[in-house]
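Thanks for taking a look at this one with me. Please have the sequence and the 3D view open while you read.

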Amino acid sequence: FSIAFGKTYLPTGGRRTIVFLTKDGDGTLRKATKEEFFSAVSSQAMPPALFLSLDGQFTYQVYSSSTLSGVITLGSRSFSDTFASVLDWEPEMTKMLIPALDPWYDRKNIIGLSERKFKDEQYQGVGMRTLYDLDGDSVLSYAIVNKRTLIIAGKIDGVRSVIDDLLPKGK
């Protein structure tokens with residue numbers, strides 16, 4: 001991930017979609033499934049209940065604010081199952097996702113983050129949950145928009161950017 005981030009230039013507020021490819025046994029390239037993507041970015045598995053609540057579509061983007069960060073967008077089949085599962089997953093999300101969403105974040109600080117609590121926030125009427133480090137910087141944020149789209153980002157601005165795309169201003 002740090003190689004992809006290091007070679008990316010985006011103006012502030014810009015996003016670029018990164019497509020992850022995998023080779024089939026016959027050497028044919030195809031887009032990676034969400035299962036392949038998550039097994040590639042972490043040695044830890046996403047909770048089975050959360051995995052089952054999501055559809056097969058996902059998007060990974062690099063977003064530019066003060067720094068570059070990753071944004072993962074996933075479709076939800078069941079808002080209640082997705083929300084409950086992601087709440088249960090919060091203590092483990094930091095270890096699994098921060099390396100994929102902010103490859104330059106100091107790894108020795110990740111362990112301490114798992115003890116911190118996510119904070120409830122609102123943006124354009126959408127409930128969000130955000131984890132802040134000791135310096136007050138957002139390091140992981142997520143929201144479910146229209147009960148159908150789970151957005152997880154390394155910075156709160158990444159989630160807000162996708163919400164802005166999905167919702168008309170002022171709604």
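The points below go from the whole protein to two of its residues.

1. A word on the source before anything else: this is a predicted model. Please keep that in mind as you go through the points.

2. Let us begin with the overall make-up. The protein contains six helices and nine strands. If you want to place it in a box, the C-alpha trace spans about 45 × 35 × 35 Å along the principal axes.

3. How does the radius of gyration fit a compact globule? For 171 residues, such a globule would come out near 16 Å, and the protein has 15 Å, so the value agrees with a compact globule.

4. Next, the inside and the surface. Of the 171 residues, 47% count as buried. The protein exposes about 8800 Å², and 52% of that area is supplied by carbon and sulfur atoms.

5. Contacts along the chain are worth a moment too. Take the contacts with a separation of 6 or more: residues 24 or more positions apart account for 52% of them.

6. On charges, the protein has 21 positive and 20 negative ones. The mean positions of these two sets are 3 Å apart.

7. Now please find Phe51, which sits in helix H3, residues 48–53. Is Phe51 buried or exposed? Its relative accessible area is 18%, and because buried means under 20%, Phe51 counts as buried.

8. What does Phe51 touch? Leaving aside residues up to four places away in sequence, its contacts are Lys34, Glu35, Phe38 and Met46. Lys34 makes a good example to pick out in the viewer: Phe51 and Lys34 are 17 residues apart in sequence, and their C-alpha atoms are 8.9 Å apart in space.

9. The second residue to visit is Thr130, found in strand S7, which covers residues 126–132. Thr130 has a relative accessible area of 0%, so this residue is buried.

10. Which side chains make polar contacts with the side chain of Thr130? One is that of Glu121, at 2.8 Å. Another is that of Ser141, at 2.9 Å.

11. Glu121 and Ser141 also appear among the residues that Thr130 touches, not counting those up to four places away in sequence. The list further holds Lys117, Phe118, Lys119, Ser138, Leu140 and Ile156. Showing these side chains together around Thr130 is a friendly way to get to know this part of the model.

Note on methods. Residues are numbered from 1 along each chain as its sequence is written. This is a predicted model: local features need pLDDT of at least 70, side-chain atom pairs count only at pLDDT 80 or more; totals for chains, interfaces and linings use all residues. Side-chain values use heavy atoms; hydrogens and water are left out. Helices (H or I, at least four residues) and strands (E, at least two) are DSSP runs, numbered from the N terminus. Buried means under 20% relative accessible area, exposed over 50%, partly exposed in between (1.4 Å probe, protein chains only). Contact means heavy atoms within 4.5 Å. The radius of gyration is taken over C-alpha atoms; the globule rule is 2.2 Å times the number of residues to the power 0.38. Accessible areas come from the Shrake-Rupley method with a 1.4 Å probe; for residues, only the protein chains shown count as cover. Lys and Arg count as positive and Asp and Glu as negative; His and the chain ends are not counted. The place of a charge is taken as NZ of Lys, CZ of Arg, CG of Asp or CD of Glu. A polar contact is a pair of N or O atoms within 3.5 Å; within protein, one must be able to donate a hydrogen and the other to accept it, and residues adjacent in sequence count only if both atoms are side-chain atoms.
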